[in-house]
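Q: Please take a close look at one part of this model, the empty space inside the protein and what lines it. I would like one connected account that I can follow along the chain.

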Amino acid sequence: MKGIKPAIFFAVFCLFLFDSGCSPFTENNIIEEIAPVIFLSVKNDPSGQLLLTTLVPPLEDETKQSFSSTVKLIKQGEKEFNLNYYRELKMGQLRMVFINKNLASDGIRPLINTLFTDPSISPRLYIVVVDGNFEAYLKNQLEKQQNLDYYLYRMLKHYEKYNQGDMSIVNLHQFMKQLYSPLQDPILPVFKANGERLSYDGTALFDGDKLKTTIHEMDDQLFQLLGNDRYVKLFALPKQQLVLGQVRSKVNCRLDVKTNVLHVTDQISGRLEEYQGNEDLLNQNELSSLTKEIEMSLEHQTTALLEKMQKEHVDPLQFGLLTTSPISPRMTTKQWKEQWENTKIDVHFSLKIQPITTGNKM
């Protein structure tokens with residue numbers, strides 16, 4: 001009987017902890033008194049601090065307004081927002097973080113770690129690099145599109161869901177996995193911003209947590225085929241005056257350790273969506289000639305892309321994993337980067353075109 005009362009007290013205390021979210025201190029989460037944050041913009045301030053910007057309130061009939069705070073720490077900025085807004089801002093609904101390109105070049109590991117260790121923030125949070133004045137874009141668009149933050153989120157979610165190979169969509173969990181995985185470098189999408197528009201610009205390639213270079217247009221399309229989605233909805237080839245659709249890629253990579261040669265073989269197939277050239281595509285010889293021309297062009301451009309990665313000491317396609325084997329110890333990242341810089345590249349493309357037009361030759 002003596003142990004009953006302490007046991008009851010302990011049980012009641014545990015129920016109390018469970019009911020208050022495993023903490024004896026409850027938070028104010030009354031809907032009328034909070035404002036969930038959908039996105040956060042982070043950039044370098046001329047003073048060496050961080051400039052944080054967001055829009056409030058999301059999905060409300062009230063007029064939206066932009067809030068900015070210059071701080072040294074992300075969590076300090078969160079507190080500053082709450083001291084200057086009549087509702088308490090909650091990061092639990094944070095869905096996007098836009099990071100200025102200059103800040104990304106300096107390194108974003110502390111920022112990423114802060115976001116990832118916050119239990120209220122979902123790991124499905126989208127990470128985006130912005131080249132340009134994102135704040136000016138927000139200010140200009142607020143007068144035209146009240147729910148701008150929500151529509152930006154829906155755009156990113158759309159391209160992530162359908163994997164069309166049009167954009168490199170990366171969330172917080174994926175970036176953390178790439179950042180801390182051996183022999184792999186992270187990537188992020190890059191958007192270019194000005195006062196009038198925000199448009200996709202390419203894929204940022206990182207060396208650890210620092211942005212090293214950005215690939216655009218053709219290079220970005222090739223990157224999607226090599227290692228991201230391995231699918232591109234529309235693959236434009238301006239030099240050959242054609243567009244391929246529904247392009248699928250089957251990539252095989254092999255590293256010859258003895259000769260230090262990386263062999264990349266890519267079998268791609270796609271439907272001819274548009275052709276403005278002069279070849280008669282019903283003529284097998286002319287179709288074969290066009291196919292060979294495309295293959296050689298893709299081989300040349302892919303080789304140049306991989307050599308650019310070597311020059312920048314980045315390996316987002318995880319070629320370093322080809323050095324591993326069950327009987328030999330894994331290379332360190334430093335060892336692989338030194339070898340990767342001097343690795344020879346051998347690229348071979350095999351293209352299968354499904355023609356749906358006869359071309360322009362009469």
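A: A cavity here is a set of grid points where a 1.4 Å probe fits but cannot get out. The model is predicted, and every value below is computed from it. By that rule the count comes to two cavities of 30 Å³ or more.

The second largest cavity has a volume of about 40 Å³. Its lining consists of S41, V42, K43, F98, I99, N100, V130, G132, F134 and E135. Two or more of these lining residues come from each of strands β2 (39-44), β6 (96-100) and β7 (126-132), and from helix α5 (134-142). By class, the lining divides into five nonpolar, three polar and two charged residues.

Two of the lining residues, F98 and F134, belong to an aromatic cluster that is made up of F39, F98, F134 and Y137.

The largest cavity has a volume of about 50 Å³. Around it stand L40, I74, K75, E78, M91, L94, T114, L115, D118 and I121. Helices α2 (74-83) and α4 (109-116) are the elements that give two or more residues to this lining. Helix α2 gives the most, with three residues. The lining of the largest cavity has six nonpolar, one polar and three charged residues.

Open space can be set beside these cavities. The second largest pocket holds about 180 Å³. Its lining residues are G165, D166, M167, Y200, D201, G202, E217, D220, Q221, V232, K233 and L234. Strand β9 (198-207), helix α8 (217-226) and strand β11 (231-237) each give two or more residues to that lining. Five of its residues are charged, four are nonpolar and three are polar.

Some of the elements named above also take part in aromatic pairs, of which there are ten. One of them joins Y126 and Y153, whose ring centres are 6.0 Å apart with 45° between the planes, a tilted arrangement. Y126 lies in strand β7 and Y153 in helix α6 (residues 148-162), so this pair ties together parts that are 27 residues apart in sequence. Y126 and Y153 are each buried. Another pair is formed by F175 and F206: the ring centres are 5.6 Å apart and the planes stand at 80°, so the pair is edge-to-face. F175 is in helix α7 and F206 in strand β9, 31 residues apart, and the pair thus links distant parts of the chain. Both of these phenylalanines, F175 and F206, are buried.

Helix α7 (residues 172-180) also holds Q178. Residues under 20% relative accessible area count as buried; Q178 has 14%, so Q178 is buried. Beyond its neighbours within four places in sequence, Q178 is in contact with Q184, P186 and I187.

As for the whole, the protein chain has ten helices and 14 strands. It has 362 residues, of which 46% count as buried. Among contacts with a separation of 6 or more, 63% are between residues 24 or more positions apart. The chain exposes about 19600 Å², and carbon and sulfur atoms supply 52% of that area.

Technical notes. Residues numbered from 1 in each chain as written. Predicted model: local features only at pLDDT ≥ 70, side-chain atom pairs only at ≥ 80, totals over all residues. Heavy atoms only, no water. Helix = DSSP H or I, 4+ residues; strand = E, 2+ residues; numbered from the N terminus. Buried < 20%, exposed > 50% of the residue type's maximum accessible area, 1.4 Å probe, protein only. Contact = heavy atoms within 4.5 Å. Areas by Shrake-Rupley, 256 points an atom, 1.4 Å probe, with all protein chains shown as cover. 1 Å grid on protein atoms, 1.4 Å probe; cavity = no way out; pocket = protein on both sides within 12 Å on 5 of 7 lines; lining within 4 Å. Points joined across faces, edges and corners; volume = space filled by probe spheres on them. Nonpolar A, V, L, I, M, F, W, Y, C, P; charged D, E, K, R; others polar. Phe/Tyr/Trp six-rings, centres within 6.5 Å; stacked < 30°, edge-to-face > 60°.
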